[in-house]
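Visitor: I would like to learn how to read the packing in a model like this one. Where should we start?

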Amino acid sequence: MVDFNPDGIGISNGNLFGFPITEKSADIIVIPVPWDVTASYRKGASQGPKAILEASIQLDFYHPKLENAHKTKVFMTPISDEWLQVNEKLSIESTEYMQHLESGSGDYSEFSNFLAEVDHAHKALTSNLKERCEKLLQENKIIAVLGGEHSTPLGLIQALNNQHKNFGILQIDAHADLRNSYENFNQSHASIMFNVLKTCPNVSKLVQVGIRDISQGEIDFIQSSKNRIKTFFDWDLKNEQFHGQNWAIQVNKIISELPEKVYVSFDIDGLIPSLCPNTGTPVPGGFTLEEVNFLLFNIVEAGKKIIGFDLNEVSPGASTDIDANIGARALWNLICLTEKSRRMYEV
Ligand SMILES: [Mn+2]
């Protein structure tokens with residue numbers, strides 16, 4: 001830490017923000033998962049971790065909600081070349097497969113080997129991540145997953161499920177991600193929360209915020225969840241705001257739905273599309289980053305404990321670095337939030 005000058009020029013040392021932290025000395029470990037095989041509309045999220053890492057050294061590290069924010073001990077593990085290669089190979093076939101589906105042909109039997117291969121790779125990715133996380137949790141690390149598409153954090157959430165008896169998930173997203181499968185992929189980006197609820201019985205509550213693109217089947221699923229899922233639709237939040245209700249009051253309602261321990265799952269497409277123009281499936285509506293930060297820091301100030309998080313669907317564009325720049329700032333805020341919570345609970 002002695003060598004790090006928070007007022008100096010960002011140093012590209014391979015770690016996030018150029019912080020001089022090792023995996024061993026870190027309190028918070030970020031695991032990048034460069035994966036976007038099931039991205040259905042537009043690919044690119046597999047390049048998110050690299051682009052965010054590069055953008056991260058440009059930031060300034062004063063944070064109004066966290067004293068000495070630059071002393072946060074955060075480390076990002078290397079981006080796996082092996083998984084990047086698997087992703088690339090499967091993505092080529094995946095693009096052909098999706099073109100086939102979009103041509104209207106209901107017969108996809110010629111792709112059955114491909115679908116089995118994706119399923120196999122996804123299971124390996126999830127169990128590999130879960131094992132790594134279980135080991136790090138035993139060392140008292142707080143873990144974050146940096147996607148990739150939204151299917152990526154399943155292994156982390158499953159590891160937390162084995163460690164905590166009761167916790168909630170706060171999901172910031174344009175989509176509910178509650179399909180039991182999508183385009184015949186069992187572990188699609190559109191199924192992450194379905195798979196979480198199915199495999200993690202200790203997730204007592206899923207609180208979704210900003211949802212504005214959803215199928216009838218997902219609505220039915222929420223209604224039959226016996227209050228395990230609470231969804232704050234974007235149209236309801238906006239409608240209340242048009243009638244004069246302010247965000248602070250709405251934030252209190254959101255927080256009141258959460259149990260003591262909270263995992264945050266932040267899909268960047270929860271933001272307004274101009275803040276994430278190259279994300280896989282942008283939808284009009286959504287939040288500014290300040291609104292999300294206000295929500296997140298109020299959760300910690302209300303005494304909830306942050307036990308982990310993911311940031312996903314950040315996809316760098318060819319002609320602009322806005323996605324990576326905002327993605328890096330979203331990640332910095334999530335890290336500061338988690339650090340603030342960690343310090344509050346430190347004994
Ligand atoms: Mn999502």
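**Reading the packing**

Guide: Start with a helix and its surroundings: the buried residues of H4 pack against helix H3 (112–138), E3, E4, H5, E7 and E8. Keep in mind that this is a predicted model.

Visitor: How many of the 10 residues of helix H4 are buried, and which are they?

Guide: Helix H4 spans residues 154–163, and 7 of its 10 residues are buried, which leaves the helix mostly covered. The buried residues are Leu154, Gly155, Leu156, Ile157, Gln158, Ala159 and Leu160.

Visitor: How is the packing of two helices described?

Guide: By two quantities, the angle between the axes and the distance between the axes. For H4 and H5 the angle is about 25° and the axes are 10 Å apart. That makes H4 roughly parallel to H5, because angles under 35 degrees count as such. The crossing of H4 and H5 is right-handed.

Visitor: Which residues of H4 and H5 meet?

Guide: On the H4 side they are Leu154, Ile157 and Gln158; on the H5 side, Ile192, Asn195, Val196 and Thr199. The general idea behind such spacing is that an α-helix has 3.6 residues a turn, so residues three or four places apart point the same way.

Visitor: What are the angle and the axis distance for H3 and H4?

Guide: H3 and H4 pack at about 45°, with 7 Å between their axes. That makes H3 oblique to H4. Their crossing is right-handed. The residues of H3 that meet H4 include Thr126, Leu129, Lys130, Cys133 and Leu137, and among their partners in H4 are Leu154, Gln158, Ala159 and Asn162.

Visitor: Now the sheet. In what order do the strands lie, and which are the edge strands?

Guide: The order is E2-E1-E3-E8-E7-E4-E5-E6: 8 strands in an open sheet, with parallel pairing. The edge strands are E2 (74–76) and E6 (229–233), each of which pairs on one side only. Neighbouring strands are turned by 15° against each other on average, direction ignored.

Visitor: Which helices pack on this sheet, and at what angles?

Guide: Helix H5 (residues 192–199) touches strand E4 (167–172) and strand E5 (203–211), and its direction makes about 170° with that of E5. Helix H7 (residues 234–242) lies across E5 and E6, running at about 50° to E6.

Visitor: Is strand E8 mostly covered or mostly open, and how many of its residues are buried?

Guide: E8 covers residues 305–312, and 7 of its 8 residues are buried, so the strand counts as mostly covered by the burial criterion. As a general point, in a regular strand the side chains alternate between the two faces of the sheet.

Visitor: Over how many bridges does E8 pair with E3 and with E7?

Guide: E3 (residues 142–147) and E8 pair in the parallel sense over 3 bridges. In that pairing, Ala144 stands opposite Phe309, and Val145 stands opposite Asp310. On E7 (residues 261–267), the pairing with E8 is also parallel, over 7 bridges, and Val262 stands opposite Ile306. The chain gets from E7 to E8 through helix H9 (residues 289–301), in a right-handed β-α-β crossover.

Methods. Residues are numbered from 1 along each chain as its sequence is written. This is a predicted model: local features need pLDDT of at least 70, side-chain atom pairs count only at pLDDT 80 or more; totals for chains, interfaces and linings use all residues. A residue is buried if 20 or more other C-beta atoms lie within 10 Å of its own, exposed if 12 or fewer, and partly exposed in between; C-beta atoms are placed from the backbone. Helices (H or I, at least four residues) and strands (E, at least two) are DSSP runs, numbered from the N terminus. Two strands pair if DSSP finds at least two bridges between them. A crossover is right-handed if, with the strands pointing away from the viewer, the path from the first strand over the helix to the second runs clockwise. Axes are lines fitted to C-alpha atoms, for helices over the stretch in contact, and angles run from 0 to 180 degrees between N-to-C directions. Two residues are in contact if their C-beta atoms, placed from the backbone, lie within 7 Å. Angles under 35 degrees count as roughly parallel, over 145 as roughly antiparallel, 65 to 115 as roughly perpendicular and the rest as oblique. A crossing is left-handed if the near helix is turned anticlockwise from the far one by less than a right angle, and right-handed if clockwise.
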